[in-house]
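Me: I would like to learn how to read pockets and a single side chain in a model of this kind. Could we take one feature at a time?

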Amino acid sequence: MAPAGRRRSLTQDTVSRHDPELRAAARHFGRRRFFTVTAAAAALAFTTNLPARGVAGATELDAARIPTDPFMLGVASGDPLPSSVLLWTRLAPAPYEPGGGLPGQYVAVEWEVATDERFALIVRRGTAIAFPEYNHSLHIDVEGLEAGRVYYYRFRTGTWISETGRTRTAPAVTAAPSKLTYAAVACQAYHDGYFTVHRHLAQDDVDVVFHLGDYLYEYAVNSVGGARDYTDRKLPDLFNRETRTLDDYRLRYALYKSDPDLRAAHATHPFVVTWDDHETENNYAGAISENNDPPQDFLLRRAAAYRAHWENQPLRDAQLPNGPDSQLYRRLRWGTLAQFDVLDTRQYRSDQAYGDTLHAPGPETDDPARTLTGAAQERWLLDGWRASQPLWNVMAQQVCFSQRKFDLGAEARTSMDAWDGYRASRRRVLDGAESAGVDNLVVMTGDVHVGYAFDIKDDFDDPASRTLGTEIVATSVASGKDGAEKPGNWDTYLRANPHLKFYNGRRGYVRVALDRQKARADFRTVSAVTTPGAPVTTAASFVTEAGDPGLKPV
């Protein structure tokens, strides 16, 4: 494993560049408590755990005194269940300012859910409190809804009314829907281009959207928005630095969520979100940072990143962070048609093998003690498969699951950050799927900024071995800028990986339609993201039949 860096005590000096609540914890616990990572993590749980609703002495802000629209970051919904869905918004009349332009007071916000866009038939309503400790975000778990239907929702505070959002509930667990259409997106570096992909996604007819990670990037965004090259605006200097503190991450979410195309996608479809690395830091592994910072320092950063992530996403309280920890992996069902297992392959993983360089398989990649998911999440996944009843099992996760050789020849290099760097971990998952009788496995992946379609093989080095499932890799929304239909390594990759059936380097998203007979994947791509408004086309389509895994072009 790569060295984790020299440990030092976590004191006021260590946390001086972090936020007031983190510094307060160092004062609370004192100097001698911080000689271990465990003690540091305990402090983080104390300091960054979101407090009980309301703080002693907090006062209410009269919403009539909010001078400009507080719903500048839009609305969102997520994690649909048969009788409930999570609704989200965040009050920020000045989103590019710390605190979103609101004082440290709580705000009362009304919410409504209706069966029609005009809100003639309101079925649920209530009032929620947006607390400053939560950055004035709201997470409303609306219960008592009818299974398998569309709803509309909105928020109101003072004289301000949010845009209307559209969402849906999942079918009843015992229902037998004939079809489900979902989309998958990933990797949306603001500084690499416009979110044109999200605009097209907002206009598509899908039931739910899976965001597979890299929702934001920690890298600096300059005054012209990087490759967006703005001429009609100038972004504040506070974005032109890497995110490290809680305020940094909160502001970066505000930048991303102020994008009108991303807002449109959230307002139109329920999202199921998970993270990868860039929501915190590139290629981190558990408590180990990319640059081998002392673990207690990095855990402070991770706690800030995780807290800001929860505040800004449509997630339930079950995903609320406990300091630097958050159980993001979870399971959703779509009646008897599909089960979705949403993984976190970043928080619990072992450090990358061979210093996280491109490397041929070796003893480190095959070490059974190393894990990508962590032992508890792996057990949860395999136990869930053993108990699974739906026809399709969809594993929504982050990094390439199938073998991906970068070179020709016996010593071909692979990625140590992907499942290729954790081959024993991958073997256990595949053996567990087979033992559980999973016949229709679909793995959904992001991370790599290209679109792939893989047959998942029992032995990736033997093209004649059994096909165990299908992997669909969603290209990026913007990361990597415009890309190319056939990247320079296109021919090498297809020759080195016979199980790779499709490779495209443009930006876009994947639309997957599941029914009782087959799964169909449409790779939707745009020609450019460095200029706005590019049209969308279907680059390729594939099907895999229920009970007969293996991709076939349409």
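Me: Which element gives the largest share of the lining of the second largest pocket?

Reply: One reads a lining by asking which elements its residues belong to, and in this predicted model the largest share of the lining of the second largest pocket, three residues, comes from H8. Helix H8 (423–435) and strand E17 (467–473) each supply at least two residues of that lining, whose members include Leu430, Ala433 and Glu434 as well as Thr467 and Leu468.

Me: What is the volume of the second largest pocket, and how do the residues of its lining divide?

Reply: Volume and chemical character are read separately: the second largest pocket has a volume of about 180 Å³, while the residues of its lining divide into five nonpolar, three polar and three charged.

Me: How many residues line the largest pocket, and which are the closest to its centre?

Reply: The largest pocket holds about 250 Å³ of space; 17 residues line it, and those closest to its centre are Asn283, Ser415, Asp417, Asp447 and Val448. By class, its lining divides into five nonpolar, six polar and six charged residues.

Me: Turning to a single residue, is serine 326 buried or exposed?

Reply: Burial is judged from relative accessibility, with under 20% as the cut-off, and serine 326 counts as buried because its value is 4%. Serine 326 sits in the loop between helix H6 (295–311) and strand E12 (330–334).

Me: What lies 2.7 Å from a polar atom of the side chain of serine 326?

Reply: That partner is the backbone oxygen of glutamine 319, and Gln319 also appears among the contacts of serine 326 beyond four places in sequence, which include Trp275, Tyr306, Asp344 and Tyr348.

Terms used:
Residues are numbered from 1 along each chain as its sequence is written. This is a predicted model: local features need pLDDT of at least 70, side-chain atom pairs count only at pLDDT 80 or more; totals for chains, interfaces and linings use all residues. Side-chain values use heavy atoms; hydrogens and water are left out. Helices (H or I, at least four residues) and strands (E, at least two) are DSSP runs, numbered from the N terminus. Buried means under 20% relative accessible area, exposed over 50%, partly exposed in between (1.4 Å probe, protein chains only). A polar contact is a pair of N or O atoms within 3.5 Å; within protein, one must be able to donate a hydrogen and the other to accept it, and residues adjacent in sequence count only if both atoms are side-chain atoms. Contact means heavy atoms within 4.5 Å. On a 1 Å grid over the protein atoms alone, a cavity is a set of points where a 1.4 Å probe fits but cannot get out, and a pocket is an open set with protein on both sides within 12 Å along at least five of seven lines; lining residues have an atom within 4 Å of a point. Grid points are joined across faces, edges and corners, and a volume is the space filled by probe spheres set on the points. Ala, Val, Leu, Ile, Met, Phe, Trp, Tyr, Cys and Pro count as nonpolar, Asp, Glu, Lys and Arg as charged, and the others, Gly among them, as polar.
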